[in-house]
Amino acid sequence: MGQAIEYTLAKSIWPEAGFIGTSTRQLIAVAACIVSLISPFSATGNDILLLSETGSPPFIHTFGQASFENGSELIISGNNGSSDQQILIVRIDNENSSDYRSRVNQEFTLSPGPFEVILPLSGLKTSGRQPFKQPYTKLFVFSADMWAGIDLEKIRISSAARLPENTLALDFGSGSSAAFPGFEAIGKNSPYLKGKITERVRTSGDSLIRDGIAGVTSLQIPWPDGLWKLSLWTQDQGEWEYLPHFLTRQIIANGTTIVDEKLTREQWINDVYLAGRKKEGSIDGDLWASVGKRRSDFISKNIRVTNGMVTIDLTGDYDARYLAALVLEPLDGTYALATQEKRRERLLNQWSVVTEPYTPADTLTLEDISQQVTDDDAFYLAARNTLLNLAFEIESPMDDVAPAVVVSPPKSSDGTSLTVITRYGHWRYERPTPNATSLILDDSYLRSDLESIRLSSKRPRRLHVQVEVPAEALPGDYSGMIQLFSRGELRLLDYKVRVLPTRLPELDTPVGLYLEPPPYYQWFKALQGQVANTTSCDLSLLASHGFSTVAPALTTPDTETGRRAFIQQLKQLDRFGFNDQILAYAPLKRLLRQKGETAAIEDLKQLQQLSKNQNLPEIYWSIFDEPANDHVAQIKNTARLLNDNALQFNTAGHMNHDHQAELAEVTDLLLINHGTEVTEDNISHWQENSTVWLYNMPKPTIAAGLFLWRSGAEGYLQWHGRMPTADPFDPTDGREGDVIYIYPSVSPCPTTRDIHRRLLDLHEATLDLRWLQWLEDISPRQTEAKQMLAELRAEIPPQWERAALMTEERRMEIRDKIISIISR
């Protein structure tokens with residue numbers, strides 16, 4: 001009888017939590033937890049206790065009180081008993097919640113073991129990015145996997161504890177955002193503040209630093225005379241690719257200088273924008289040590305108060321006059337430091353980190369870990385007109401801040417040498433996918449400054465060596481050596497390259513990156529003259545890696561000057577071999593926003609006339625990018641105008657969902673990704689009206705190579721060459737992680753660019769394509785090549801869902817199979 005009651009109750013509320021199709025056994029299994037929820041909650045001290053006994057999710061609670069004060073938080077603690085990461089989801093409804101976008105949906109990634117997650121109960125936003133109003137009606141806590149092994153041990157609503165005596169704690173920012181527990185929320189209308197003030201709220205950071213106020217010239221607070229400790233949090237976290245970039249700043253409190261900074265543009269780039277290069281994940285500490293602490297800009301100084309007033313004056317650029325929080329306390333007070341410790345705990349709890357287990361080596365070792373095709377003599381096989389990507393790993397039982405590493409390029413018996421490009425992997429925290437709510441520790445940041453390499457017993461050090469095999473290279477055998485000297489020990493490792501007589505053709509399929517200059521070139525007018533130079537260096541890098549297209553940062557052609565600059569950019573692309581189909585991702589969309597359709601088309605006509613007879617790359621003007629349904633009618637109208645026979649403008653659009661399929665017929669170039677059903681059949685169908693490219697697929701090494709060939713799609717673009725979210729070395733400072741391929745540097749054109757390892761992965765995809773292209777070229781005159789093409793077509797799945805399961809080992813086996821034809 002009791003079990004029947006539990007089943008009926010569970011089944012009645014289960015759909016509200018978003019669980020559909022659940023079995024009777026599953027419903028009964030969670031019933032005990034749910035039955036406990038119908039009793040009123042209990043309160044202990046400042047906490048409202050919602051759950052005090054261990055139970056499995058889901059947990060459902062109906063709110064009884066009207067609203068929660070600013071600083072209140074939902075705190076959930078428990079244990080992930082599985083051996084894998086699990087996703088815990090917190091959903092909050094109010095009386096206006098009707099679907100996913102109209103409620104709060106917060107995901108937390110839990111590592112195995114104990115956990116505690118915290119969600120502020122003020123300043124919430126819906127999944128549709130709208131303010132979420134109190135009162136709240138229901139709370140749901142559940143796991144993405146019903147049988148995840150998660151135990152919920154305690155769920156409580158915590159109100160801010162009282163401040164210590166003689167302590168003031170202010171959290172500056174928007175009145176609609178959450179204050180840090182214990183801090184008083186201070187908005188732009190506070191009588192403490194002077195200046196032309198702007199409230200800022202960012203998507204990243206905890207409730208203390210997520211928001212703040214900019215433009216403050218003075219802050220005046222009545223306070224008793226004497227010596228006091230003043231602590232400030234002064235960093236704006238930034239948003240999307242924007243990071244505040246002031247060069248001068250001074251903060252003076254009652255005559256005591258708290259901050260006095262004067263930087264050149266180059267110093268700011270090196271000391272602020274690139275500051276994340278100075279520490280490595282795990283080797284120099286955890287996520288807080290390498291990212292969180294640095295991005296607080298926490299400053300603490302003793303000041304003397306006289307005449308009953310604390311006066312803080314801020315001077316410098318507008319963004320320099322920024323405050324996120326303040327604590328004023330006795331000299332022996334610890335509230336500010338305790339707040340920093342709370343922030344550290346919260347950051348580490350919020351961002352679960354997956355690390356590969358590592359046991360330090362007993363002795364210094366140097367090992368070849370390259371994943372490339374070799375022959376029976378252990379020679380790496382490389383065609384002419386290519387780059388060969390090799391990797392080596394160093395393990396050390398001791399730290400060494402100045403080892404000597406020398407990479408000797410491979411030479412032939414007659415002394416002919418190939419050129420090498422060397423980088424090493426720098427360990428840092430990053431998201432495994434752009435939208436991930438957890439982090440991995442990876443050495444994917446490949447640095448070119450080999451002289452700064454160091455060894456650690458905590459992590460291996462990997463060298464990445466690219467061997468340039470030019471088109472004119474003589475076939476034959478070449479031998480090189482890696483030399484490592486550390487703490488009196490020498491290690492030598494030979495590597496061998498066999499240059500094949502085959503010359504790989506240039507790609508005849510467009511494959512490349514979206515590309516922008518580093519954002520700081522737009523922030524500092526004096527640096528804007530370097531944009532063309534740094535872009536040339538980026539284009540040179542991509543061209544040397546075999547890429548055949550880019551979606552560049554083209555100027556908006558809205559004036560005569562802008563149109564001439566646009567033409568110069570096309571000429572620059574042509575000089576580096578990007579002379580076929582070019583996607584103009586942003587210019588037309590900007591024109592349409594600025595001027596409307598009629599004026600925008602007139603600007604394009606003038607551009608068309610200016611570029612006439614100059615043999616410039618063919619432009620495809622993007623008119624939509626993953627649009628919502630309510631934009632479809634306007635997009636179709638714009639497409640009709642641009643496709644008028646008299647105008648002959650090529651249009652393009654991005655489609656990532658089946659509900660956008662009606663737009664597939666209105667563009668000349670259709671870009672699709674895995675949000676649609678990407679299959680050979682669907683691509684063939686869309687090709688009846690458009691050229692079809694793939695973009696932003698989850699495994700570019702497969703998607704831009706073997707699958708691109710098999711699917712019949714005609715090109716590939718990957719986001720993004722250079723567009724970090726705010727700080728390029730903080731993976732947590734935006735709604736998405738950084739997907740950068742080329743890292744910024746102080747020099748506009750260093751000899752060797754710092755890159756992400758994913759650039760090498762995408763380069764490997766282009767090599768696969770070029771080998772397939774070579775195979776197709778010889779197939780008319782070689783039966784074996786023709787037969788192999790048929791075998792590969794049967795072997796590589798024509799559906800992305802199946803192709804995505806291909807392993808790296810299988811990919812290299814296919815390349816090995818193609819290369820084996822040369823020796824037959």
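Good morning. Two strands are taken as paired if DSSP finds at least two bridges between them. I begin with that criterion because the first part of this talk concerns a sheet, and the structure before you is a predicted model.

By that criterion, five strands form an open sheet with mixed pairing, in the order 11-10-20-14-17. At its edges stand strand 11, residues 184-186, and strand 17, residues 298-305, each of which pairs on one side only. On average, neighbouring strands of this sheet are turned by 25° against each other, with direction ignored.

As general background, strands of a sheet pair through backbone hydrogen bonds, either parallel or antiparallel. How do strand 14 and strand 17 run? They run antiparallel, and eight bridges join them, with strand 14 covering residues 226-233. Within this part of the sheet, Leu-232 stands opposite Ile-299 of strand 17.

A helix also lies across this sheet. Helix 5, residues 335-350, lies across strand 10 (168-172), strand 14, strand 17 and strand 20 (325-329). Relative to strand 14, helix 5 runs at about 20°.

I turn now to the packing between helices. In general, two packed helices are described by the angle between their axes and the distance between the axes.

Consider helix 9, residues 587-595, and helix 10, residues 597-610. Their axes are 7 Å apart, and the helices pack at an angle of about 135°. That angle makes helix 9 oblique to helix 10, and their crossing is right-handed. Which residues meet here? From helix 9 come Leu-588, Leu-591, Leu-592 and Lys-595, and these meet Glu-597, Ala-599, Ala-600, Asp-603 and Leu-604 in helix 10. By character, the residues of this contact are six nonpolar and three charged, with no polar ones.

Helix 10 also packs with helix 8, residues 560-575. The axes of helix 8 and helix 10 come within 10 Å and cross at roughly 50°. Helix 8 and helix 10 are therefore oblique to each other, and helix 8 passes helix 10 in a right-handed crossing. On the side of helix 8, the contact is made by Glu-560, Arg-563, Arg-564, Phe-566 and Ile-567. Helix 10 contributes Asp-603, Gln-606, Leu-607 and Leu-610. The residues of this contact divide into four nonpolar, one polar and four charged.

One residue links the two descriptions: Asp-603 of helix 10 takes part in the contact with helix 9 and in the contact with helix 8. Thank you for your attention.

Key:
Residues numbered from 1 in each chain as written. Predicted model: local features only at pLDDT ≥ 70, side-chain atom pairs only at ≥ 80, totals over all residues. Heavy atoms only, no water. Helix = DSSP H or I, 4+ residues; strand = E, 2+ residues; numbered from the N terminus. Axes fitted to C-alpha atoms, helices over the stretch in contact; angles between N-to-C directions. Contact = heavy atoms within 4.5 Å. Parallel < 35°, antiparallel > 145°, perpendicular 65-115°, else oblique. Left-handed = near helix turned anticlockwise from the far one by under 90°. Nonpolar A, V, L, I, M, F, W, Y, C, P; charged D, E, K, R; others polar.
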